[in-house]
Amino acid sequence: MARRLLADRHSLPLSIALHLVPGALIVAAYLLITEPFVLANGYPVFLGWAIALCLVLGPLMAGLYWLGYKNNGRFSLRGVLHYTGKPLSRGKVAALAIPLFLWMMVLSIALIPLDNFLFDHFFTWLPFADAGGSATTYLAGNDRSVILGTLAICLPLTGISLPLIEEFYFRGFLMPRIAHLGTGAPILSTVLFSLYHFWAPWTFVSKLIFFFPGPWFVWKKKDIRLSIGMHVGSTAISTAGGILALALNLV
């Protein structure tokens, strides 16, 4: 199993499964464990999704280290993750990552009406409590102090560590193993990563639009720091901005 996962190439069926199974497990963990827990205790369902992500992505990251142990004889990600050789200088990384970060921030906000439209017309049947086209609907209906506390708890999770794990797994581990597809690699990576978000399928189209430049530049420049700066930067700033706005009574 380790040899198959660490091979230079993954077959298309294997790659699809490795992209999508974690998303299915996150939804299962949410529906069976974390949604009942947060609803019973009066917490926003946003926290339930954060915990569900932790329950799946935490072991996923441990699995990458296990592969590293099998490959290196010690817990290391050498040979497991690619695009980590830092071929770009820090200045070039910043010059590319900052526009990517701004692209994702601006487009993800600008495309919220599209997300709302798709949710209202095609996805209201989903059995997710308090679901809606915008992520803020997962927090709506709760006291300001509860929302503030939830965001403070989630900042190091959904804001930083979980997106970082996603970048390690999807861009550092999976995408290099479909690099033989050429320009199809970042395209397929973006499509499957967008589909992986089974908990928000109405955001599939918007994610294709605002997320594609990250995988593309990682594939082109062979430097995973570009998509990390874009992805983790935007989630961290968005969550921190929400905390600040609530704390200052701006919303």
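What share of the contacts in the protein with a separation of 6 or more comes from residues 24 or more positions apart? In this predicted model, such residues account for 74% of those contacts.

The fold is built from 10 helices and 0 strands, so that the order of elements from the N terminus reads α-α-α-α-α-α-α-α-α-α. The C-alpha trace spans about 50 × 40 × 35 Å along its principal axes. For 251 residues, a compact globule would be expected to have a radius of gyration near 18 Å, and the protein agrees with this expectation because its own value is 18 Å. Of the 251 residues, 48% are buried. The exposed surface of the protein comes to about 12000 Å², with carbon and sulfur atoms supplying 70% of this area. As for charge, the protein carries 17 positive and 9 negative charges, and the mean positions of the two sets lie 20 Å apart.

At the level of single residues, Arg 171 was examined in detail. This residue belongs to helix α6, which covers residues 144–174. Arg 171 is classed as buried because its relative accessibility is 0%, where the cut-off for burial is under 20%. The side chain of Arg 171 takes part in a polar contact of 2.9 Å with the side chain of Glu 167, and another polar contact, of 3.3 Å, links it to the side chain of Ser 189. When neighbours within four places in sequence are set aside, Ser 189 is also listed among the residues in contact with Arg 171, together with Tyr 83, Glu 166, Pro 176, Phe 193, Phe 211, Pro 215, Val 218, Ile 224 and Ser 227.

How values were computed: Residues numbered from 1 in each chain as written. Predicted model: local features only at pLDDT ≥ 70, side-chain atom pairs only at ≥ 80, totals over all residues. Heavy atoms only, no water. Helix = DSSP H or I, 4+ residues; strand = E, 2+ residues; numbered from the N terminus. Rg over C-alpha atoms; globule rule 2.2 N^0.38 Å. Buried < 20%, exposed > 50% of the residue type's maximum accessible area, 1.4 Å probe, protein only. Contact = heavy atoms within 4.5 Å. Areas by Shrake-Rupley, 256 points an atom, 1.4 Å probe, with all protein chains shown as cover. Lys, Arg positive; Asp, Glu negative; His and termini not counted. Charge placed at Lys NZ, Arg CZ, Asp CG, Glu CD. Polar contact = N/O pair within 3.5 Å; in protein donor to acceptor, adjacent residues only side chain to side chain.
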